[in-house]
Amino acid sequence: MTDFSRRPPPGPGPSSLDAEQDLNRNITPLETPAAAASPVLATPPRPRSPIANGVPLGGQQPPEPTRSRAAQSAPLPSVIFDPMPRPRVPPAQSAGVAPPGAPPPFSEEMLDVQTERRTAPPGPPPPPADAGDRRGGASYASSQEPERRAGPGPERRGPPEAERRGPSVPPGGPDRRSAAAAPSQGYAGPERRGVRRTEGSDAPAAHRFWPAQPKTLQEAGLNATFVEELVLKAIFFAGEMRGMDVATRLQLPSALVDEIIEGLRRQKYIDIRGGGGSGVGRSTMIYQLTTFVTDVLRQILDRNRYNGPAPVPFNEWAAAVKLQTVRGNRITRHRMQDKFGDLIIRDYIFDGIGPAMNSGRAIFFYGPPGNGKTAICQGMVNCYEGDIFVPHALLIDDFVVKMFDANIHRAVEDEPGAPSYDRRWVRCRRPLVVVGGELTLEMLDLVYTPEVKYYEAPFQMKASNGMLLIDDFGRQKVSPKELLNRWIVPLESDVDILTLHTGKKIQVPFDVFAAFSTNLDPSDLVDDAFLRRVRYKLEVRRPDEEQFHEIFQVMCKKRGVPYDARAVDYLIDEHYRPNHRPFAACQPRDLLDQVIDMANYQGQPPRLDPALLDAAVRSYFVRFDKPAGSAPTSASAG
């Protein structure tokens, strides 16, 4: 029987979506306002002159009488031979004012304004005026709301929008499929849609960004030809689909998808096979491809095979990253204490990571292995409150880039009564991306797959508005110097440079809380230039004997094993102190798991028994020694 009597304090001892792999073309994120959202088969409308009291203003000629839709119909456009969207000329700005009290004459222009006016769904009140300072993002509700409510409908669609687009954009907008993308200069492109999403009562106060549901293809930032191709590929890969299923696959409103499907049906590219059960309308009909689409579909699949939710324009994502920034938080000690779960965190850990998290800048962890550096980073992500929106895919320079990763992004359920949002975005927790010794320089750039002709976003891009941990730094296949040089520019300027397979370079936001962790000697890995950019450094020390007991007690409670302090004392006195073996924070968990495995093998309940602890130590602590002049390797426990 082993004596478990507590021994006197020790002297100096140990220290402390199916085939979703297709491609796509892109729209220019910076300069291109959205293409016209007219039906697929309709001809572009002629510019109309503003009319006041039935008399054309500015000396213009009165418009021709409006013809019926049948007379305006044009030959059906082909997805391949008529791929360019036709720009819609916006109505001219009114140059005169009607006499006081005179009712405005009815015109088609008024009808357009009424149908395109967007109303915000009821929701929580807008965030306070100082909310922007707390998260580092601007609060738009106080400055933009008076301007949105001032003036009648037609006035709001005139010069203010044109001024936001800039003088270089023509009235009808450049061709979205042929204009060059240039997402640079701090993403000064059109952020009109992102701003509207943060205005009014449709955005909860806890979120700086709330993507509104698009009502037209123009608001979605897409053109009809691109959506047509997505619909054809969705039906091709599924064999046949109902209209509502197509809308679910594309994550677009059913009204928009129904118009596209009806246009493709008139072109005889798809046909109705039958009804899909109860319900009426095109959404319940079952569609399948016809033989007329064979050549067209072959050309579409040769360009890309992306089959999934409709992508989001690059500029909208860049604006969302700014509004959901990880910089400038106000994280206090009290807020952090209950965010680390079962970890035993000392005061010096809180004091080291708290200021770093508030800055959003990089932090460098160093210290012996197995003491919780990775677990600390996982708890740090939980300290950030609020959810973010991550797009399923992006559209960059006519190519699709997959962003959402179910292995990284943890989707959250919507609260009852929450306002609707654009389902091309996924509401998620702030991500934590961990990469270790498998990291290479190629993995830090856009990964292009020639077979499916689409891109996969790199790790740091998926970690946007979250945390990126470079674990086991110095053990990668690439040299530490080359890896550090790769991070110099993003850490300094908050902008990362990525390269397309065509050779074109693009700028993407680098809004990431980066952490580097190593158990090697830092003096052999980093230089002064890197240490200057990584402002916070923290040594994660070994636990002392008291903390070793605390970790054992926490792990026993978690594993359902009765905790016995005398058994832990026996373990320390017999296997740690005589061998001058240092403590490590991971050892209580690992030894306890082995005790449980051996107890189950012997058919007895798991407990901290001396015999089981001895067997666990013999299996866990093994030293491989190669004697001098001897080829075989001998293993010894100790």
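Helix 21 has twelve residues, and from its first C-alpha to its last it reaches 15 Å, which is close to the 16 Å expected at 1.5 Å a residue. The model in which this helix appears is a predicted one. Nine of the twelve residues of helix 21 are buried, so the helix is largely enclosed by the rest of the structure. Those buried residues are Ala-567, Val-568, Asp-569, Tyr-570, Leu-571, Ile-572, Asp-573, His-575 and Tyr-576. What covers the buried residues of helix 21 includes helix 20, helix 22 and helix 23, and these three elements can be taken up in turn.

Helix 20 runs over residues 545–559, and its 15 residues reach 21 Å from the first C-alpha to the last, close to the 21 Å expected at 1.5 Å a residue. Its buried residues are Gln-547, Phe-548, His-549, Ile-551, Phe-552, Met-555 and Cys-556, and the cover over them includes helix 21, residues 565–576, together with helix 22, residues 587–602. Helix 21 is thus part of what covers the buried residues of helix 20, just as helix 20 is part of what covers the buried residues of helix 21. After helix 20 comes Gly-560, a residue whose phi is positive, near 75°.

Helix 22 also meets helix 23, which spans residues 610–620, and the axes of these two helices come within 9 Å and cross at roughly 115°. The crossing of helix 22 and helix 23 is right-handed. On the side of helix 22, the contact is made by Gln-587, Asp-590, Leu-591, Gln-594, Val-595, Met-598, Ala-599 and Gln-602, while helix 23 brings Leu-612, Leu-613, Ala-615, Ala-616, Val-617, Ser-619 and Tyr-620. By kind, the residues of this contact between helix 22 and helix 23 divide into ten nonpolar, four polar and one charged.

With these helices placed, the chain as a whole can be described. Its secondary structure comes to 23 helices and 21 strands, and of its 638 residues, 47% are buried. The accessible surface of the chain comes to about 30,700 Å², of which 52% belongs to carbon and sulfur atoms.

Another helix with many buried residues is helix 13, at residues 314–323, where nine of the ten residues are buried, so that this helix too is largely enclosed by the rest of the structure. The buried residues of helix 13 are Phe-314, Asn-315, Glu-316, Trp-317, Ala-318, Ala-319, Ala-320, Val-321 and Leu-323.

The loops also repay a visit, beginning with the one between strand 12, residues 432–435, and strand 13, residues 447–449, where Asp-445 is found. Leu-446 lies in the loop between strand 12 and strand 13 as well. How do these two residues stand with respect to burial, as buried or partly exposed? Asp-445 counts as partly exposed because its relative accessibility is 21%, whereas Leu-446, at 9% relative accessibility, counts as buried; the cut-off for buried is under 20%. Leaving aside neighbours within four places in sequence, Asp-445 is in contact with Pro-458, Leu-498 and Thr-499. Asp-445 and Pro-458 are 13 residues apart in sequence, and their C-alpha atoms are 5.6 Å apart in space. With the neighbours within four places again left aside, Leu-446 is in contact with Val-401, Tyr-455, Glu-456, Ala-457, Pro-458, Met-461, Leu-498, Thr-499, Leu-500 and Ile-506. The C-alpha atoms of Leu-446 and Leu-500 are separated by 6.7 Å, although the two residues are 54 residues apart along the chain.

In the loop between helix 7, residues 192–198, and helix 8, residues 217–220, one finds Trp-210, which is buried, with a relative accessible area of 2%. Trp-210 and Ile-388 are 178 residues apart in sequence, and 8.9 Å apart in space from C-alpha to C-alpha.

Two further loop residues deserve a look for their backbone angles. Gln-251, in the loop between helix 10 (243–250) and helix 11 (254–266), has a positive phi of about 55° although it is not a glycine, and at 22% relative accessibility Gln-251 counts as partly exposed. Asp-397 lies in the loop between strand 9 (393–396) and strand 10 (399–402), and its phi is near 50°, a positive value in a residue other than glycine.

Conventions
Residues numbered from 1 in each chain as written. Predicted model: local features only at pLDDT ≥ 70, side-chain atom pairs only at ≥ 80, totals over all residues. Heavy atoms only, no water. Helix = DSSP H or I, 4+ residues; strand = E, 2+ residues; numbered from the N terminus. Expected span 1.5 Å × (residues − 1). Buried < 20%, exposed > 50% of the residue type's maximum accessible area, 1.4 Å probe, protein only. Contact = heavy atoms within 4.5 Å. Axes fitted to C-alpha atoms, helices over the stretch in contact; angles between N-to-C directions. Left-handed = near helix turned anticlockwise from the far one by under 90°. Nonpolar A, V, L, I, M, F, W, Y, C, P; charged D, E, K, R; others polar. Areas by Shrake-Rupley, 256 points an atom, 1.4 Å probe, with all protein chains shown as cover.
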